[in-house]
Amino acid sequence: MYTMDELKRFCQRCRKCRLAQTRTNVVFGEGNEQAQLMFVGEGPGYNEDMQGRPFVGKAGQLLDKMIGAINMDRKDVYIANIVKCRPPENRNPTEDESGACIDYLRWQVRLIQPKIIVCLGSVSAKKLIDPELSISRQRGSFVKKGDIYFMPTFHPSYLLRNESAKKEAWEDFKNVAAKLKELNSLDKEANKAW
Ligand code: URA
Ligand code: SF4
């Protein structure tokens, strides 16, 4: 088992796919390593590539607001992406790029052991939940895999272009907060029983 710091060090030197050639910085991901809630986007954009941090541009500011709206803080959660290096012109990562990178995310999830993973947008939801998933039809419902509940929802960049979808995203976030509360009260019950 690697520690998060070891994993980060490997990742920062990674040249497993062609995105290594054009990146400025690897964007490993950041946040609370004991988080119950994790957000997974698609890949770094311009600002993320420049700063080496996930979701720091316009979409990131919206994500921060949405996290705040469920009474949480960016420091309470963990934020990562499917690919850790920026795809040129913000194109979607290819199958071979996400395939090369996904093990880093799998290790992050194993170390953090979140209760819920929110998949931000189609690339993330398809990779983590179901390759056939349709965000417009399947957003908002939890899919349980192993011990983790996955919630597909709109990507904040999509919400910036489609104001009207914010209403649905807000429903999704409220449901995530309610699910966390429910899971934590179940844990409490179980502890009492023991
Ligand atoms: N969009 C993403 O999918 N991830 C980021 O980190 C920033 C924007
Ligand atoms: Fe390595 Fe992932 Fe970057 Fe590709 S995107 S070079 S697999 S860290």
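## Pockets, cavity and ligand sites

Helix H2 (46-51), helix H3 (58-69), helix H5 (122-128) and helix H7 (156-161) each supply at least two residues of the lining of the largest pocket, where helices are DSSP runs of H or I with at least four residues and strands are runs of E with at least two, numbered from the N terminus. This is a predicted model, in which local features need pLDDT of at least 70 and side-chain atom pairs count only at pLDDT 80 or more, while totals for chains, interfaces and linings use all residues. Residues are numbered from 1 along each chain as its sequence is written, chains are lettered from A and ligands numbered from 1 in the order in which they are written, and side-chain values use heavy atoms, with hydrogens and water left out.

Pockets and cavities are found on a 1 Å grid over the protein atoms alone: a cavity is a set of points where a 1.4 Å probe fits but cannot get out, a pocket is an open set with protein on both sides within 12 Å along at least five of seven lines, and lining residues have an atom within 4 Å of a point. Grid points are joined across faces, edges and corners, and a volume is the space filled by probe spheres set on the points.

The largest pocket has a volume of about 540 Å³, and of the 24 residues that line it, Glu-42, Gly-43, Ala-59, His-155 and Ser-157 are the closest to its centre. The space of this pocket is taken by ligand 1, given that a molecule sits in a cavity or pocket if more than half of its atoms lie within 2 Å of its grid points. Around ligand 1 are Gly-41, Glu-42, Gly-43, Glu-48, Pro-54, Phe-55, Asn-81 and His-155, a residue being near a molecule if one of its heavy atoms lies within 4 Å of it.

Ligand 1 also has polar contacts, that is, pairs of N or O atoms within 3.5 Å. A nitrogen atom of ligand 1 lies 3.0 Å from a backbone N or O atom of Gly-43, an oxygen atom of ligand 1 is 3.0 Å from a polar backbone atom of Phe-55, and a polar side-chain atom of Asn-81 lies 2.8 Å from a nitrogen atom of ligand 1. Taken alone, ligand 1 exposes 240 Å², of which the protein buries 92%, with accessible areas from the Shrake-Rupley method and a 1.4 Å probe.

Ligand 2 sits in the largest cavity, which holds about 120 Å³ of space. Of the 16 residues lining this cavity, the closest to its centre are Cys-14, Cys-17, Cys-85, Cys-101 and Tyr-104, and helix H4 (residues 95-112) gives the largest share of the lining, 4 residues. The shell around ligand 2 includes Lys-16, Arg-23 and Lys-84.

The second largest pocket has a volume of about 250 Å³. Strand S6 (148-153) and helix H8 (166-193) each supply at least two residues of its lining, and H8 gives the most, with 3 residues. Among the lining residues are Val-109, Lys-144, Asp-147 and Leu-186.

The table divides linings and shells by class, with Ala, Val, Leu, Ile, Met, Phe, Trp, Tyr, Cys and Pro as nonpolar, Asp, Glu, Lys and Arg as charged, and the others, Gly among them, as polar.

| Site | Nonpolar | Polar | Charged |
|---|---|---|---|
| Lining of the largest pocket | 9 residues | 10 residues | 5 residues |
| Lining of the second largest pocket | 6 residues | 1 residue | 4 residues |
| Lining of the largest cavity | 11 residues | no residues | 5 residues |
| Shell around ligand 1 | 2 residues | 4 residues | 2 residues |
| Shell around ligand 2 | 8 residues | no residues | 3 residues |

Key
Polar contact = N/O pair within 3.5 Å; in protein donor to acceptor, adjacent residues only side chain to side chain.
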